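Let's take a friendly walk through this model, one region at a time. Please keep the structure open beside the text as you read.

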Amino acid sequence: MLTQILKRDDRIVPFNETKITDAIFKAAQSVGGEDRQTAMEVTLAVIKELNKSPADYTHSVEEIQDIVEKTLIEQGHAKTAKAYILYREKRSMIREGRTELMDAVAEILKETNRDNANVGNSPSAKVLQISEAASKNYYLKRVLAPDEAAAHIDGDIYIHDLSWYGKTLTCLQIPLDKLLRDGFNNGHGYIRPPKGIKTAAALAAIILQSNQNDMHGGQSFAFFDRDLGRYVEMEYERQKRLLRNNLEKMGVEADPDKLAEVAMERTEEETYQAMEGFIYNLNTMHSRAGAQVPFSSINFGTDTSWNGRMVTEKFLLAYEKGLGKGETPLFPNTCFKVKDGVNFETDDPNYDLFLLSMKVACSRLFPNFSFQDSSFNAPFRDEEVAYMGCRTRVISDIYGMNVTNGRGNLSFTTLNLPRLAIRAEKNIAVFWRYLDEAVDMAVKQLLNRYDVQKNLKMKDFPFLMGQHLYVDSEDLQANDPVEKAIRHGTLSIGFIGLAECLKALTDKHHGEDDGAQALGLSIVSHLRVRCDRAGEEHGLNFSLLATPAEQLSGKFTKLDLEKYGLIPGVTDKPWYTNSYHVPVEYEIDALKKIALEGPYHKYCNAGHISYVELPSAPKGNLEAFETLIRAMYESDMGYAAVNFPVDICKDCGLNSVIETETCPKCGSSDISRVRRITGYLSTLDNFNDSKYAEAKARRTHMKLPK
């Protein structure tokens, strides 16, 4: 007689026939049945079948459920059987999801999750990672369409920031001038407009932190010099007023010229202190429940007023000095806007600031350089295009608001180009078909995500929408959906591994062969056409992104290696090459690399970046550095940077390429090794395994004279 059963977790428990009856009855009810007596009769038939087994045999739950299904069908209860099967599948999915979640939590608790090199290993960071794992599991199992979830899990596409799928947006270019001019409320009370540069800079850092808590992506100021410049001017007037009052108290008549000179000196000192404090704040204050510092960016370099110029100059000098022991600041990402007639030529009013920006970049990696005169940025030259974070660019708007401020990316999804090429088996016609199918999937998925995002309420974004940072959010009330505002944002399709894709299709990547370069440009230009077409069809700002592949780089490769095996030049290393870049391990001259990658920028209107690798910091070689930046400008790039190792001993402050485990000057092993990971800076110990291997494989593109 049946007395015990084997549970899925290998426990032996008493057999309870009532559970079988309840399950059958619930299935019958779901299709209109209300007769519990029939459920009991089916249960008796099931028990009769189970008792045919040897007396010492213990049935498993799965075996019992199989017999229930069989019995229902044999007794003519087909609809109930179907409902029972569907219920069983649903319960199985829930159990599977719980198991996957628990495994993910165990892995997070065991070791730091290094998917994002900007997230630390504090207790709050662990809690954030666990909550993200739970959210991701929920969206995959309960929200996404099955084909979209399968495509993400299998590695055909990658839905970025999946754990935040239905609750927020990606990033924003924050209208700093508006918030400082009008004041703001970050949830704890009204912050009145500042009256000096120190307060303005401190509030700027708080604004970045506050909005980071409403969004999962980057926060940026598009006009840092212009927006803070007015507070430098206010500071100057304040200093003059203080000096005059103090002199009057002493009965001394102020000399106007001397008064102005001293006031200016004090203003310069205050501005420097303000910029230093801003940098310190952004490298120490935390957001996302204390899990990371704000992912911040600033753009500057084109304000020619004396006060705007001072903001740029003092920021660069403070950044060049570094943190307390000379460490390179990791944030903010700094973007110097290069613009002919403003700072590009020797007789331009801000050319000296362009020189200073390059001098600082020669030792600190930042600033990066954005080129306002590129063919795709020039139409917005009066507005000016700003970049943020790894590479994000937002400017043109299907709704006519061609502005940077107050807009950002809503979400993005990346295509696995190498997989499409592997599947095509060198048949280009088949590849194009697969590519279009992948784009169709990405468009569908982004539209479904947008349908969730657009119905979020204004009150869901207490700072972002509550303080009207997004364009067209001014009239939103607490319970209003946010679609009116976020329709101005962008939905982006990204791509990764163009080099490996070309290898799989032609046996050569674009650095090795002109034909491969032509095919690469055709692929990326086709993706841009498809994005533009999707925008026209759906009335939304679809755009093409050169994906900043950090955690994704190794994930796609691992899946493809398991699925297709080791393919030379494709799956034979632990990463796929970032977007359209020439592979990091390939030997190529700097100027040739720039010439090859430049043409891709114009197609990637959601964001792009290119780099050149140097063996060491080009200090004292500003001429060579400027040659590279000007070559990037001439190659029609939009955003670019120069990489080199930045190693700093935290004990003695030695700043050099330290190839040994210990400092050659003081013997300390406490060495900070800063590298660029996608577009921002981090230390090597925070890189995930794939990006660490990629960083170690990087070849230099230009030799520097000793």
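## The seven-stranded sheet

Helix α9 (residues 224-249) lies across β8 (219-221) and β9 (296-300), and its direction makes an angle of about 80 degrees with β9. The model is a predicted one, in which local features need pLDDT of at least 70, side-chain atom pairs count only at pLDDT 80 or more, and totals for chains, interfaces and linings use all residues. Residues are numbered from 1 along each chain as its sequence is written, and side-chain values use heavy atoms, with hydrogens and water left out. Helices (H or I, at least four residues) and strands (E, at least two) are DSSP runs, numbered from the N terminus. Angles run from 0 to 180 degrees between N-to-C directions, with axes fitted as lines to C-alpha atoms, for helices over the stretch in contact; contact means heavy atoms within 4.5 Å.

The sheet here is open and has seven strands in the order β5-β8-β9-β10-β11-β18-β17, with mixed pairing. At its edges stand β5 (172-174) and β17 (610-613); each has a single partner strand, so one side of each is left without a neighbour in the sheet. From one strand to the next, the twist averages 25 degrees. Two strands count as paired if DSSP finds at least two bridges between them. Edge strand β17 and strand β18 (residues 639-643) are parallel and share four bridges, with Val612 opposite Val642 in β18. Helix α19 lies across β17 and β18, at about 170 degrees to β17.

## The four-stranded sheet

Another open sheet has four strands, ordered β4-β14-β15-β16, and its pairing is mixed too. Its edge strands, β4 (157-159) and β16 (541-546), each pair on one side only. The twist here averages 25 degrees from one strand to the next.

Strands β15 and β16 run parallel and are joined by six bridges; one of the bridge partnerships links Gly494 to Leu545 in β16. Across β4, β14 (409-416), β15 and β16 lies α14, which runs at about 155 degrees to β14.

## An enclosed helix

Which residues of α16 are buried? They are Leu498, Ala499, Glu500, Cys501, Leu502, Ala504 and Leu505, where buried means under 20% relative accessible area, exposed over 50% and partly exposed in between (1.4 Å probe, protein chains only). These make up seven of the nine residues of the helix (residues 498-506), so α16 is largely enclosed by the rest of the structure.

The cover over these buried residues includes α13 (417-424), α14 (428-453), β15 (490-496), α17 (514-538) and α19 (590-601). Just after α16 comes Asp507, whose phi is positive at about 75 degrees.

## A strand covered on both faces

Strand β19 (residues 646-649) has both faces covered: Val646 and Ile648 are buried on one side, and Asp647 and Cys649 are buried on the other. The strand runs antiparallel to β21 (residues 671-676), with four bridges between them, and Ser672 in β21 is the bridge partner of Ile648.

Strand β19 also runs antiparallel to β20 (residues 655-656), through two bridges. Here Ile648 stands opposite Asn655. Five residues separate β19 and β20 in their hairpin, and Gly653 in the turn has a positive phi of about 85 degrees.

## A buried arginine

Arg393 sits in strand β13 (residues 392-393). Its side chain is 9.6 Å from the nearest one of opposite charge, Asp532, and Arg393 is buried with no salt bridge. A salt bridge requires a side-chain nitrogen of Lys or Arg within 4 Å of a carboxyl oxygen of Asp or Glu; for charge, Lys and Arg count as positive and Asp and Glu as negative, while His and the chain ends are not counted.

What does the side chain of Arg393 reach at 3.0 Å? That is the backbone oxygen of Phe376. The side chains of Arg393 and Asn377 are joined by a polar contact of 2.9 Å. A polar contact is a pair of N or O atoms within 3.5 Å; within protein, one must be able to donate a hydrogen and the other to accept it, and residues adjacent in sequence count only if both atoms are side-chain atoms. Leaving aside neighbours within four places in sequence, the contacts of Arg393 include Tyr387, Asn605 and His608.

## A loop residue

Gln75 lies in the loop between α3 (61-74) and α4 (78-110). This residue is partly exposed, with a relative accessible area of 39%. Apart from its neighbours within four places in sequence, Gln75 is in contact with Val42 and Ala45.
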